[in-house]
Amino acid sequence: MEALRKEIPDPQIMTKISDRYSYSFDASFGEYLPDIAIQAKSKQEVVHIVKIANQFKIPIYPRGQGTCLSGGPLPVHGGMVLDLSQWPEQIDLNADDLTVKVSPSVLTARINEEAEKHGLMYAPDPSSAHVATIGGNLAENSGGPRGLKYGVTKDFVLGLELVTPEGKVIRTGGQTIKNVTGFDLTKLIVGSEGTLGVITEATLKLMPKPPAVQTIMVEFDNVRTAGKAISRTLTSGILPSKMEFMDQACIQAVENFKPSGLPIDAEAIVIIELDGHPETLRLETDLVGKIMKEIGAANVRIPETSEESAKIWHARKQVSPAIAKIKPTKVSEDATVPRSKIPDMMDRLHDIKEKYQLELVVFGHAGDGNLHPNILCDKRDQEEMGRVEKAVEEIFQAAIDLGGTLSGEHGIGTMKAPFMEQELGVVGLEMMKRIKDSWDPNGIMNPGKIFPEKGQKLVLRNE
Amino acid sequence: MSELQILQEKINYDKTFDCVQCGYCLPACPTYETMERETHSPRGRINLVKMVAEGKASVEDLKNPIEKCLGCMACTTVCPTSVQYGQILEGAKEVIEDNEVISKSRKTIEDFLFGSFFPSEKWMSNLGNLTWFYQRTGIQSFVNMTRLTRWAPLHLDKFEQVIPKQPSPKERAKRTKRYIRKRPAQAKVAFFTGCVMDGVFFRTNQNTIELLLRGGFEVVIPEQQTCCGALHAHSGKVNDAIELAKRNIEAFEEEKIDYIVNNAGGCGARMVEYHHLFEEGTPWHKRAKQFVSKIRDISEVLVEVHGLHFNKPVDRTVTYQPSCHMTNVQKVKTPPLQLLEKVPGITFKELSRPDFCCGSAGIYNIVNYEDSMKILDVKMKDVCGTDSESVVTTNPGCLLQMKLGIEREGINQTMDAVHLVDLLLEADPQQK
């Protein structure tokens with residue numbers, strides 16, 4: 001403590017029980033009381049804190065705004081939460097290079113706002129972009145609907161500055177689009193969930209903002225046809241920026257929550273957004289309409305005004321809060337499968353729902369195979385939560401069986417750690433562990449994440 | 001029921017589960033921004049309420065984070081899962097109040113303010129009269145008379161300099177209680193005067209009545225009306241709040257009226273929630289519902305009747321600081337803007353963050369002066385950025401706070417704060 005106070009201003013050091021509990025959770029499951037929460041506002045402060053943590057072998061957990069859905073910032077072994085959200089915002093945009101240099105605390109949506117002033121865009125668009133920090137997005141390698149066309153966070157990082165678990169500062173990558181000098185540590189760090197160090201600066205890639213967008217909403221009488229329609233569109237020479245899927249349960253939940261004019265009789269809907277030049281959009285819209293009709297869509301709706309389009313996307317945004325009204329606890333997964341396997345995955349999810357008699361709804365970024373099966377339950381009901389645990393295990397198994405992955409965009413954290421070996425194999429996981437151990441010899445940097453502990457199982461119940 | 005279960009019920013433990021901890025409230029919360037920690041955010045506070053209900057933290061631990069909440073309810077507007085933050089907050093305040101962990105000096109002040117000051121029309125008009133007296137005679141005798149020095153740590157002196165010129169006691173007493181129109185009226189409205197509005201901004205109240213009359217309304221001012229109880233509810237004094245609500249419901253039931261009009265965003269917000277104070281299905285709940293259905297802000301009725309034409313141009317650049325309670329609780333957002341648009345000559349400049357609280361928040365700026373000023377400074381930066389000559393508000397608390405902000409910035413030569421009503425009357429509205 002003495003050592004900390006030497007360089008960190010008092011207001012940034014929090015030891016009161018009320019403060020500690022305030023950094024004991026994120027947007028996922030579980031609550032772990034840290035011994036201390038501490039805020040860093042500069043690289044020097046981070047170095048100082050990390051050095052002390054390393055010296056005294058105190059676990060340290062970097063954290064942005066705590067919107068993580070996989071438990072990334074949870075202080076599962078006690079120790080120190082390192083809050084980076086109060087670091088003064090720095091956005092240094094270089095329009096000629098189409099790059100931007102940012103501090104870790106910058107809210108992701110702010111980067112796009114700044115880029116738009118120059119006719120550019122920052123493409124990754126997680127739905128929490130207006131709350132979450134870029135530091136958190138980098139650590140978790142977050143994605144959003146536009147991932148279909150543009151990719152996820154890692155596809156937009158040119159360079160990083162990182163404080164290593166031993167308190168040294170390194171720079172990876174650079175400012176150029178092409179860069180093959182040495183190992184690609186940048187991509188290793190992005191998505192490492194804060195286990196390899198603390199990101200203190202990032203150089204990101206921007207791209208020209210498409211001049212126009214067009215929304216299309218397609219209704220289907222059965223889920224399989226919807227799945228086929230997605231594949232057919234993507235093989236027809238068109239790459240939409242977004243292709244979002246909602247099943248009937250989601251549609252009905254939204255209509256019960258805030259009526260938005262969605263077709264409640266449809267078994268599924270797919271909401272498509274095309275972007276590009278207005279003339280191209282006209283041609284592509286016609287083509288998508290034709291494909292949908294051929295494949296047997298029940299209805300194709302092409303909004304004529306931007307207000308109408310906004311209404312459709314607003315309805316899509318309402319899914320999360322709307323389904324939360326079904327039951328208080330939401331277990332949200334992001335298992336992802338190859339696009340062609342979407343219909344199979346839908347079948348498996350349906351079987352799991354029946355088998356465990358749970359409220360399971362599905363929506364998500366179907367265009368890139370990233371579905372969000374959500375189980376609605378009540379965490380105060382121990383028996384039900386037992387069934388949920390089993391169902392989640394089977395969802396992961398189904399994704400892996402179909403050649404997919406545990407997580408498309410939320411990260412592994414604590415919840416999915418027990419399933420890592422299933423996907424990566426013993427040696428695959430071991431190689432990752434060796435990298436981690438050589439970067440962080442004392443194991444202080446965000447312990448308890450990604451790598452399962454011996455005998456660790458998925459637990460959603462409080463004992 | 002065990003002690004913990006009783007606490008859980010009181011503190012609305014069940015309601016805390018509506019919060020999925022997504023954090024969408026963080027960018028909307030003024031205290032999270034100025035106090036820079038999760039403990040002073042809506043999500044953090046709700047979590048602490050939960051921790052207290054589960055016996056993991058004590059009521060004492062909860063006290064500071066709850067007391068520092070402005071209650072501006074900006075979080076409820078952005079919350080995707082519609083968490084009833086207002087009820088969780090009031091439950092927490094009630095539990096804190098019951099635990100009597102409030103510091104002694106604050107308690108003395110509150111007991112005086114809530115026990116005899118706010119509900120009393122006499123005290124309130126005395127405040128106005130005293131202020132008038134003080135403005136006529138200078139500070140010394142005023143301070144001696146009221147023993148205001150006791151309040152010195154409350155920074156009341158800062159507020160004194162921004163209180164407007166008061167009408168004489170004679171003018172105050174002269175007000176008619178009933179204004180009947182000779183021509184058929186648009187509607188019959190009862191005017192809710194509000195205690196601070198009537199005490200400190202008596203002329204604005206008079207102007208409100210004038211506007212209503214020009215708009216073609218018949219106006220009555222029920223004599224039995226009392227304080228709306230907002231400040232009591234915000235401080236965990238639920239029983240007092242219920243008592244005041246009952247008295248108002250009774251007072252406005254006496255004759256057939258179409259609307260109950262008020263010009264104070266905070267009072268309006270409290271009154272549109274009166275039915276939450278009573279159990280569903282009870283006669284009081286039904287009477288409260290009836291009462292609530294008639295509540296309107298002055299700007300709403302003026303827009304609804306389309307009755308006014310503004311004759312005199314007001315050549316001024318203005319900005320508008322909406323009352324949080326009007327926006328987030330009453331959900332009245334556009335009517336004041338619609339009215340401003342109708343006034344010829346006005347150049348309107350919008351704030352970049354109109355929904356950010358000014359830090360007035362009931363008596364927050366009195367009991368949490370330093371914290372309030374930090375929030376005010378953020379607000380004033382935005383206000384100054386608009387280069388306006390007037391800041392328009394719709395609530396007495398905001399009005400005083402904006403005047404204070406203008407004083408603090410030292411720009412009282414170039415900028416003033418006005419109630420919307422006063423500005424509208426300046427434009428000489430006449431019935432079409």
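**Notebook: cavities in the model**

I looked for enclosed spaces first, and the count came to three cavities of 30 Å³ or more. I note that this is a predicted model.

**Entry 1: the largest cavity**

How much space lies in the largest cavity? I read about 150 Å³.

I then looked up what surrounds the largest cavity and found 18 lining residues. Nearest its centre are C19(B), C25(B), I46(B), C79(B) and V83(B).

Next I checked which elements give two or more residues to this lining, and I found α4 (42-53) and α6 (74-78) of chain B. The element that gives the most is α4(B), with three residues.

I sorted the lining of the largest cavity by class and wrote down twelve nonpolar, four polar and two charged residues.

**Entry 2: the second largest cavity**

I moved on to the second largest cavity, and its volume is about 80 Å³.

Which residues are the closest to its centre? From the 14 that line the second largest cavity, I listed C29(B), P30(B), R45(B), C69(B) and C72(B).

For the elements, I found that α3 (30-35), α4 and α6 of chain B each supply at least two residues of this lining. I had already met α4 and α6 of chain B in the lining of the largest cavity.

By class, I wrote down eleven nonpolar residues, two polar and one charged for the second largest cavity.

Definitions and conventions:
Residues numbered from 1 in each chain as written. Chains lettered and ligands numbered in written order. Predicted model: local features only at pLDDT ≥ 70, side-chain atom pairs only at ≥ 80, totals over all residues. Heavy atoms only, no water. 1 Å grid on protein atoms, 1.4 Å probe; cavity = no way out; pocket = protein on both sides within 12 Å on 5 of 7 lines; lining within 4 Å. Points joined across faces, edges and corners; volume = space filled by probe spheres on them. Helix = DSSP H or I, 4+ residues; strand = E, 2+ residues; numbered from the N terminus. Nonpolar A, V, L, I, M, F, W, Y, C, P; charged D, E, K, R; others polar.
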